[in-house]
Amino acid sequence: MNALILSAIWGVVMMFSGIFTKSGAAIRGIAITGLALLLVVNVLDFQGTALVDINTRGMLVYNTFSYMFLNIVFGATLLYFFLSGSDMERVGLHLAEYFALIFFILAGISIVASFQTLLMLFLGIEIISIPLYILTGSDKRNLKSNEAALKYFLMGSFSTGLMLMGIALIYGSKGSFSLETIGAGTGVITPLLGGGMLLLLASMSFKVSAAPFHFWTPDVYDGAPTVFTSFMATIVKVAGFFAFIRLFETSFGSVQAQWQLFAAIITAATLLIGNITAVFQQSVKRMLAYSSIAQAGFMMFALVSLNGKGSEGLIYYAAAYSLATIGVFAVLIKLNDYTFEGFNGLGKSHPLLAATVTICLLSLAGIPATAGFMAKFYMLSAAVENGKVIWLVILGVLCAAISVYYYFRVIQAIYFKDGEPQVAEVSTTFKVVMVLIAVLVVYFGIFPQRLTDFLYMVY
Amino acid sequence: MIPVLLIVIPLLSGLLGFFMKQEKLAKGWSLLSSLITMAVAISAYFTKDVTLLRSTHEWIPLMGSNFSVSVVDGMGRMLAILTGISFPLIFLATYNTNYTNGNRFHALMLLSQAGLMGVFVATDAMLFYFFWELALIPTYFLCSIWGGEKRIAVTFKFFIYTFIGSLLMLVGIIYLYYLTPDHSFALQAFYDLKLNNDQQGWLFWLFFIAFAIKMPIFPFHTWQPDAYEQAPTATTMVLSGIMVKMGVFAMLRWLIPIFPAAFWSWGDFISFLGMFGIVYASLLAMQQDDLKKLVAYSSIAHIGLMVLALVSTTDSGIQGVMIQMFNHGINIIGMWVVVALTERQFGTRKISELGGIAQKAPALTILLVVIAFANIGLPLTNAFIGEFLMFTGVFTSNVSQFNYIYTAVAGLGIILAAVYTLNMIQKVFFGNTNSITANGVDISFTEKLALSVLVIIILVVGVHPQPILDLTNDTTLSILNKMITKHP
C-alpha cells in the first residue's frame, strides 16, 4: 500500500524536477533515490511496519505474493535504471518526464498486484497502459516510433473496451465487482458470466501478448525506443501476468475445468507462434520481441495449471525473465547494429559484457544452473501436477528446444564469429550491474529457495 | 565426502583456470588438478568406509530435492575412476598442442569433467539433470570455438539433439516426482515406484530417447560422426571416451530399473536398433577415408553390441556392458591419441594420403597396434573380456527368440571391425612412405607416456579383469533383480 502512494507521489516529484534542473545525472539520481525508497518502503511493509495505513475497504489486498512480486518489480527496475538510465537521455529532451511516467507505471503495477475488485483491475491496467503509449511514441522524430505508439494506442483501447464490456457483463450476472463475490458460488457458468469471462480472457491475453492477440507486440516493441522496449517487455509484461492469474484464480478458480482448454489452446498458440517466428528474425531487437511472446507462453502455464506451484513459478519467472531480458537489452542498446551480425566478435573486444550477456541468454534458453531453468522447471511441474495438460508440457519442452536456436545464434555471434562490434562507451557502473545481474541469475538458478522462501515467511 | 571432492576439485580449478593468462601455467594447472582428481577417484576404490563414499545435503527442501551424491554403487565408482584416469591422460597426450586462449580451453575441459563426475555420482534426479546438462555446456563451447571448419553448425546440431532429448527426460522426471508418495527426487524413491504398464509405456520413451541420443543408438546417431570429426581432438576424447558412457550408464541406473516392464516389452525393438547400428556403422567405417570418421563409426558399432547385451537380461551380459564401458573409454581415447598425433605431424587425417609411418615412428606404431587389437577385441586385451561376456550374455539370453540372430550379427560386427581396423593400420602405418610421411619423426616423451599408460591398462585389464568385475558385481545383481522381479 505504501509503495503505491510513494510511487504516485514520486512520479509527481519527477515531473517537477525537470523544471529545476536540466542535468541528466541529477534527474537520474532523484529517480534512483525514489526507487530505492520504494523498495525499502515495500520491504518494510512486507515485514509489517507500514508507514501509513489506509483503509481501502477490501479493494486492495496485499498478501505475501503481492509484496514479493513488488519487491522483484522494484528491484528489477532499479537495476534497469542503473543500466539504461543514461541511455534514456539519447531518446529525447524530456528525461524527467520519462522517469515520471515510469513511476506512474509502477503505481499501476502496485494496484494490479493487489486488486480485489474488477474496478481496481481496470484502473491499474489503464494506469500502466497510458504512460506506455506515451513512452512508445517518445522518439518523436522517428516515424516507426510514432507508428508504434498509434498502433499500440488503438489496439490497446480496443482491448480495454473489451475488458470493460466483460466487467459489465460479469457485474450484470453477479451484481458485484468483488473478486471474492464473483468467485463464491460460481459453480455453473451462465451465458452472461461466461461471456464476460471470455472477454476478460481475451483482453488480458492482449495485455500480456498471448496469441492470437499478440499482433501488436513485434511492431510496438520494435518501434519503441529500445530503452523503453526493455521495460515494457519485462516488468510491465510480468505485471500483466500477475493480474491475469490473480483475477482468474480468485474469480473463476472453481470453474477452471470449463475454461482450462481455452487457456491451454492460447498457451499452445503463443508458444508455437512466438518460438517459430523468432527463429526467422534478422534483428536481435525483433527477435527479443518474439522471444517475449514465447516466454509469455511459458508464463501462461501458471494460468493453465492454476496451483501453488504455478503461482510460485510466476514469481520466480518474473525475477528470472526480467533480470535476463533487462541484461540482454542493456547490452543491445549499447550496440550500433541491432542485427545478429552486430554482436560478431563481442567476446574478443568486450569479454566482460560478452560473458554476462551470455549468462543472460543461457538463462532465457533455460539451461540448468541459471534462474531461467528453474523458472521453466516450476512452470512445467505446475502443469504436470495439474495432470490434465501433459500434451502441453511436451509441446512446451519442444518449443524450449526451438528457443535454443535463436538465443544461441547470439552466443555464436559473440564468441565464434569474428568482427569489430561498434559499442558505445560503457561506464564502470554498467559493468558492475551487469556482473551483478549475471551473479543473481546463477545464484537463483542454483538456490531457487532463496527467492521462494519469502513467499511462506510469516512476520 | 569423496564424491563431493570429485565434483568440486575440477569445478573450482576450472573456474580459477579462466584467470590464468599464461598458457604454460594453465596447462600445468589443469594437469595437476586432474591428477588430484584421479588420486581421489582411485582412493574411492580402496575406501571401505561407506560414510566417506556418500554425502547428502539439503538443497531445495520445498521441492524435496537434495544434493545427494554417492559412489557406494560399483558402477558409479567405476565410471568416476574412468573419468578420473582419462582426463590426466588426455591432457598429457595433447600437452604439445597449443590453442589460442589455451587457459580457457583447459578451464572448460575441467568444467566438463566436473559435470561428468556429477552425472556419475548423483543419486537425486534433479541433481542428475543439472549435471547432465552442465556437462554439455562446456563441451558446446569447446567444440564451437576450437573445432574444425564446419564447427559451428555441427556442434549446434549436436547441442540441439541432446537438448531435446534431455528436455523430454525432464518431463519424465517431473512426472515421476509427482507419482512418488512424499514428492521426492531421490533415486531410491523412483525405484520404489510401482508403475503400471500404461505409465511405463510412455514414460519409458521420454527417458529412452534422451539416453539413446547420447549413446548414440541408431537412428539417433546422426550428430555423432560430424561432431567427432569437427571437435578439437582433446574434446573428441571426452565426447567418445566418457560422454558416451553417460548414455549407457543412465540406461542402467535411471531407465532399466525404473521401467523394467517397458524395457522388456520393447526389448526386441531396441535390440533390432542395436543390431542395425552394428552392421550399418561397420559398413560405413569401411568406406571412410578420414581417420576420425572411421573411429567415430567404429564407436557406434561398439555401442550397438552393448545395447544387445543390455537387453539380454543375463548376468554375464550386464557385467560385460559394465566392464566394456570402462574398456571402451580407455581404448577409444587411445585411438584418438594416435589420430591426433598423426594429424599434428603430417597435417592430414586422410588414410589415402598417409603410409609407411611405422618406419619413421616405431614407438607410435607398436603402441597403436596394441590399441587397435583392443579395438577389435583380441584375447589378452581388455575388450576381449567385455565382448566375450556380452556375447555369452546375448547367446544365453532367454528373453528373446531371436538371440541367435543377434549373436550372429554381433559376431559379424567383430569381423568387420577387424577388417576396417587392420586395413587402416596397413594403409597408414605400413607400406612405403610418401612425400607427406617421408620426414616423419617419432612421438615425444609425454605422448609415449600417455599411450604407454593406456596400453598398460589395456593389457592389465585384459589379463586380470577380476577387480573391475568384482566392483560392478553388486550393481549388476541389483539391476538384474529389478529387471526380473518387477517384470509382471
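At roughly what angle do the axes of helix α3 and helix α10 of chain A cross? The legends below start with that pair, and all views come from a predicted model, in which local features need pLDDT of at least 70, side-chain atom pairs count only at pLDDT 80 or more, and totals for chains, interfaces and linings use all residues. Residues are numbered from 1 along each chain as its sequence is written, chains are lettered from A and ligands numbered from 1 in the order in which they are written, and side-chain values use heavy atoms, with hydrogens and water left out.

**View 1. Helices α3 and α10 of chain A cross at roughly 175°.** The axes of α3 (residues 64-84) and α10 (residues 226-252) of chain A come within 11 Å. That crossing makes α3(A) roughly antiparallel to α10(A) (angles over 145 degrees count as such). Axes here are lines fitted to C-alpha atoms over the stretch in contact, with angles running from 0 to 180 degrees between N-to-C directions; helices are DSSP runs of H or I with at least four residues, numbered from the N terminus. On the α3(A) side, the contact (heavy atoms within 4.5 Å) includes Phe65(A), Phe69(A), Val73(A) and Tyr80(A). Facing them on α10(A) are, among others, Phe228(A), Phe231(A), Ile235(A) and Phe242(A). The contact residues divide into 12 nonpolar, 4 polar and 1 charged (Ala, Val, Leu, Ile, Met, Phe, Trp, Tyr, Cys and Pro count as nonpolar, Asp, Glu, Lys and Arg as charged, and the others, Gly among them, as polar).

**View 2. Domain 1 meets domain 2 within chain B.** Domain 1 spans 1-265 and domain 2 spans 268-488 of chain B, with bounds from an automatic or database domain assignment. Their C-alpha centres lie 22 Å apart, and the contact takes 53 residues from domain 1 and 56 residues from domain 2. Together the two domains bury about 4,900 Å², 77% of it on carbon and sulfur atoms; buried area is the accessible area (1.4 Å probe) that two parts lose on being put together, summed over both. Look for Met78(B), Phe218(B) and Trp264(B), which supply 15% of the area that domain 1 buries against domain 2, more than any other three residues. The interface also holds 3 salt bridges (a side-chain nitrogen of Lys or Arg within 4 Å of a carboxyl oxygen of Asp or Glu).

**View 3. Chain B packs against chain A.** Here 33 residues of chain B and 38 residues of chain A take part in the contact. The two chains bury about 3,200 Å² between them, 83% of it on carbon and sulfur atoms. Leu62(B), Phe130(B) and Tyr178(B) supply 18% of what chain B buries against chain A, more than any other three residues. Across this interface the rule finds 0 salt bridges.

**View 4. Two loops hold cis peptide bonds.** In chain A, Ala211(A) and Pro212(A) are joined by a cis bond with omega about 0°; Pro212(A) sits in the loop between α8 (191-207) and α9 (216-223). In chain B, the bond from Met215(B) to Pro216(B) is cis, with omega near -15°, and Pro216(B) belongs to the loop between α10 (197-214) and α11 (224-230).

**View 5. Glu147(A) and Lys151(A) meet in a salt bridge.** The N to O distance is 3.8 Å. Because they are 4 residues apart in helix α6 (residues 143-174) of chain A, Glu147(A) and Lys151(A) are separated by about one helical turn.

Technical notes
Helices (H or I, at least four residues) and strands (E, at least two) are DSSP runs, numbered from the N terminus. Angles under 35 degrees count as roughly parallel, over 145 as roughly antiparallel, 65 to 115 as roughly perpendicular and the rest as oblique.
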